[in-house]
Amino acid sequence: MLKTRSCARRGFAAPPVVAAQHDGPHALRLELRAFPARALRVRRGENGRFLAETTILGHPARLLRIFVKTDEGGLTPSVRYLDLTGVRLSDGAAVSERLLP
């Protein structure tokens with residue numbers, strides 16, 4: 001879990017990760033503050049590289065990219081939307097989804 005003090009030094013008002021737990025050997029399940037209903041699973045792949053997996057358009061997918069659109073007005077920034085881009089685990093087809101908080 002990220003410590004609040006280290007996040008403040010990086011310019012975050014609060015930690016971006018709200019929950020983290022082990023999900024098998026060499027894997028973590030993370031819940032992000034920007035969208036806690038959509039968990040990420042980070043695991044070590046067969047080649048030793050780490051992969052992020054989540055659900056995109058209702059299908060288990062390997063996450064390739066997250067774009068976060070923020071509104072910087074006011075005292076603290078707020079998330080307007082997240083764009084998730086990845087490939088389905090079942091057939092490797094490209095998938096993308098926009099999430100609104």
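User: Which pattern of helices and strands does the chain follow, read along the sequence?

Analyst: Good place to start, and keep in mind that this is a predicted model. The secondary structure comes to 1 helix and 7 strands. Read along the sequence, the pattern is α-β-β-β-β-β-β-β.

User: Which element of the chain has the lowest mean pLDDT, and which the highest?

Analyst: For the chain as a whole, the average pLDDT is 82, and 82% of the residues score at least 70. Over residues 1–8 the pLDDT is below 50, and this stretch has 13 contacts in the model beyond near neighbours in sequence. Among the elements, the lowest mean, 48, belongs to helix α1 (residues 4–9), and the highest, 96, belongs to β7.

User: What percentage of the residues in the chain is buried?

Analyst: Let's begin with the outside: the accessible surface of the chain comes to about 7100 Å², and carbon and sulfur atoms hold 53% of it. A residue counts as buried when its relative accessible area is under 20%. Of the 101 residues in the chain, the buried share is 25%.

User: Which strands each supply at least two residues of the largest nonpolar core?

Analyst: In soluble globular proteins, nonpolar side chains tend to be buried together. Here the largest nonpolar core has 10 residues: L30, F35, L40, I56, A61, L63, L82, L84, V95 and L99. The strands that each give at least two residues to this core are β5 (59–71), β6 (78–88) and β7 (94–99).

User: Is V95 buried or exposed?

Analyst: V95 lies in strand β7. Leaving out residues up to four places away in sequence, V95 touches I56, A61, L84, T85, G86, V87 and R88. Its relative accessible area is 7%, and because the cut-off is under 20%, V95 is buried.

User: How far apart are the C-alpha atoms of V95 and L84?

Analyst: Both residues belong to the largest nonpolar core. Along the chain, V95 and L84 are 11 residues apart. In space, their C-alpha atoms are separated by 8.2 Å.

User: Which side chains of β7 point to the face where they are buried?

Analyst: The side chains alternate along β7. A94, S96 and R98 point to one face and are not buried. The ones that point to the other face, and are buried, are V95, E97 and L99.

User: Which residue stands opposite S96 of β7?

Analyst: β6 and β7 pair in the antiparallel sense, over 6 bridges. The two strands form a hairpin with 5 residues between them, and G92 in the turn has a positive phi of about 75°. Opposite S96 in this pairing stands T85.

User: How many bridges join β5 to β6?

Analyst: These strands also form a hairpin, this one with 6 residues between them, and G74 in the turn has a positive phi of about 90°. Within the pairing, L63 stands opposite G86. The contacts of L63 beyond four places in sequence include L84, T85 and G86. β5 and β6 run antiparallel, and the number of bridges joining them is 10.

User: Which residue in the hairpin of β4 and β5 takes a positive phi?

Analyst: Strands β4 (50–56) and β5 run antiparallel and are joined by 5 bridges. Most residues other than glycine have a negative phi. In this hairpin, with 2 residues between the strands, a positive phi near 55° is found at L57.

User: Where is H26 found, and is it buried or exposed?

Analyst: H26 has a phi near 60°, a positive value in a residue other than glycine. H26 sits in the loop between β1 (17–22) and β2 (27–32). Its relative accessibility is 56%, and because the cut-off for this class is over 50%, H26 is exposed.

User: Which backbone oxygen does the side chain of T54 reach?

Analyst: T54 is found in strand β4 and stands opposite A61 in β5. At 7% relative accessibility, T54 counts as buried. Its contacts beyond four places in sequence include R38, A39 and L40. The backbone oxygen that its side chain reaches, at 2.8 Å, is that of A39.

Notes. Residues are numbered from 1 along each chain as its sequence is written. This is a predicted model: local features need pLDDT of at least 70, side-chain atom pairs count only at pLDDT 80 or more; totals for chains, interfaces and linings use all residues. Side-chain values use heavy atoms; hydrogens and water are left out. A nonpolar core is a set of buried Ala, Val, Leu, Ile, Met, Phe, Trp, Tyr and Cys residues joined through side-chain atoms within 4.5 Å. Buried means under 20% relative accessible area, exposed over 50%, partly exposed in between (1.4 Å probe, protein chains only). Helices (H or I, at least four residues) and strands (E, at least two) are DSSP runs, numbered from the N terminus. Contact means heavy atoms within 4.5 Å. Accessible areas come from the Shrake-Rupley method with a 1.4 Å probe; for residues, only the protein chains shown count as cover. Two strands pair if DSSP finds at least two bridges between them. A polar contact is a pair of N or O atoms within 3.5 Å; within protein, one must be able to donate a hydrogen and the other to accept it, and residues adjacent in sequence count only if both atoms are side-chain atoms. pLDDT is the predictor's confidence in each residue, from 0 to 100.
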